[in-house]
Amino acid sequence: MEVSEPRLVLVFSGKRKSGKDYVTDLIQDRLGSDVCCILRLSGPLKQQYAEEHGLDLQQLLGPGPYKEQYRADMIRWGETRRHDDPGFFCRLATREACQPVWVVSDARRQTDLQFFCSEFPRQTQSVRVQSSEKTRKQRGWSFSTGVDDAESECGLDSGVEFDWIITNEADAPSLDEQLQPILKLAEEAVTSSRSRPPDDPVLVL
Ligand SMILES: Nc1ncnc2c1ncn2[C@@H]1O[C@H](COP(=O)(O)OP(=O)(O)O)[C@@H](O)[C@H]1O
Ligand SMILES: C[C@@](O)(CCOP(=O)(O)OP(=O)(O)O)CC(=O)O
């Protein structure tokens with residue numbers, strides 16, 4: 001089997017309602033979906049959880065209140081899978097990615113970040129999206145025991161030096177301005193991939 005390696009892997013993390021989806025959608029919008037894919041580690045998790053529990057996957061994937069009813073149990077369920085194999089959902093989420101720029105929208109644990117740093121050490125950049133509690137509350141967040149005090153939300157609160165920090169607040173510089181250097185990196189990565197021979201595959205035996 002032949003797979004092309006990504007040229008850049010942007011691994012995003014941030015608290016609930018900090019705006020991870022909003023910011024990563026903006027990046028994809030600026031770069032185009034032929035160049036940039038958004039990978040959600042929660043995608044394969046929700047898919048399998050929905051199948052096992054007879055739930056509505058589309059609603060679980062959406063931003064509405066449906067997923068919140070199941071979040072604490074999904075976290076526990078996912079943790080039993082990750083216990084034996086911490087890279088389980090990372091591998092599933094990346095298996096069909098073929099664009100040169102990968103945007104991972106929801107790293108939550110040290111093991112998520114370690115997966116990308118060890119698989120793609122030269123390409124991986126970590127990005128933290130941060131917003132104040134006040135702003136997150138305005139976006140619909142409220143503290144939930146078992147969720148906001150668990151590894152799922154706190155696993156990357158300390159012990160990581162993020163390559164980039166994006167402040168997603170009304171009174172911060174615009175997102176386009178803050179994302180400028182990251183978009184530049186992505187454009188350079190794409191240019192370098194175009195200037196390389198088309199058959200620059202990595203062989204996976
Ligand atoms: N900069 C922004 N401007 C306007 N709305 C925003 C902004 N950032 C986030 N939102 C809105 O806030 C809500 C939560 O953002 P979302 O990206 O879903 O957060 P997360 O993925 O971190 O939980 C969404 O409805 C989103 O559209
Ligand atoms: C069980 C989860 O995967 C649920 C994640 O759901 P979303 O990725 O939709 O969450 P937010 O964007 O932060 O609201 C969390 C986990 O610990 O794996």
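Asp, Glu, Lys and Arg count as charged, the nonpolar class runs from Ala and Val to Cys and Pro, and the others, Gly among them, count as polar. I applied these classes to the shell around ligand 2, and obtained three nonpolar, two polar and ten charged residues. I note at the outset that the model is predicted.

**Entry 1. Ligand 2**

I looked up the surroundings of ligand 2 and found 15 residues, the closest being K46, K67, R71, R108 and S152. I then asked which helix gives the most to this shell. The helix is α4, with five residues. I recorded that α1, α2 (residues 42-53) and α4 (residues 66-84) each supply at least two residues of the shell.

I went on to the polar contacts of ligand 2. K46 places a polar side-chain atom 2.7 Å from an oxygen atom of the ligand. For R109, an N or O atom of the side chain is 2.9 Å from an oxygen atom of ligand 2. K20 also has a polar side-chain atom 3.2 Å from an oxygen atom of this ligand. On its own, ligand 2 has 460 Å² of accessible area, and the protein covers 94% of it. I also checked the pockets: the space taken by ligand 2 is the largest pocket.

**Entry 2. Ligand 1**

I listed the residues around ligand 1 as K15, R16, K17, S18, G19, K20, D21, Y22, R139, N168 and L175. By class, I noted six charged, three polar and two nonpolar residues in this shell. Helix α1, residues 20-31, gives the most to the shell, with three residues.

Which residue brings a backbone N or O atom to 2.8 Å from an oxygen atom of ligand 1? I found that it is K17. K20 contributes through its side chain, where an N or O atom is 2.9 Å from an oxygen atom of ligand 1. I had already entered K20 for its side-chain atom 3.2 Å from an oxygen atom of ligand 2. In the case of N168, a side-chain N or O atom is 2.8 Å from a nitrogen atom of ligand 1. Taken alone, ligand 1 exposes 560 Å², of which the protein buries 66%. I recorded the site of ligand 1 as the largest pocket.

**Entry 3. T135**

I located T135 in helix α7, which spans residues 133-138. Is T135 buried or exposed? I entered it as buried, because its relative accessibility is 11% and the cut-off for buried is under 20%. The side chain of T135 makes a polar contact of 3.0 Å with the side chain of S132.

**Entry 4. Q123**

I placed Q123 in the loop between α6 (residues 110-119) and β5 (residues 124-130). Q123 has a relative accessible area of 6% and is therefore buried. I compared its position with that of E5: the two are 118 residues apart in sequence, and their C-alpha atoms are 9.3 Å apart in space.

**Entry 5. P181**

I found P181 in helix α9, residues 175-195. Its relative accessibility is 34%, so I entered P181 as partly exposed. I then took the separation of P181 from R109, a residue already entered for its side-chain contact with ligand 2. P181 and R109 are 72 residues apart in sequence and 25 Å apart in space, C-alpha to C-alpha.

Methods. Residues are numbered from 1 along each chain as its sequence is written. Chains are lettered from A and ligands numbered from 1 in the order in which they are written. This is a predicted model: local features need pLDDT of at least 70, side-chain atom pairs count only at pLDDT 80 or more; totals for chains, interfaces and linings use all residues. Side-chain values use heavy atoms; hydrogens and water are left out. A residue is near a molecule or strand if one of its heavy atoms lies within 4 Å of it. A polar contact is a pair of N or O atoms within 3.5 Å; within protein, one must be able to donate a hydrogen and the other to accept it, and residues adjacent in sequence count only if both atoms are side-chain atoms. Accessible areas come from the Shrake-Rupley method with a 1.4 Å probe; for residues, only the protein chains shown count as cover. On a 1 Å grid over the protein atoms alone, a cavity is a set of points where a 1.4 Å probe fits but cannot get out, and a pocket is an open set with protein on both sides within 12 Å along at least five of seven lines; lining residues have an atom within 4 Å of a point. A molecule sits in a cavity or pocket if more than half of its atoms lie within 2 Å of its grid points. Helices (H or I, at least four residues) and strands (E, at least two) are DSSP runs, numbered from the N terminus. Buried means under 20% relative accessible area, exposed over 50%, partly exposed in between (1.4 Å probe, protein chains only).
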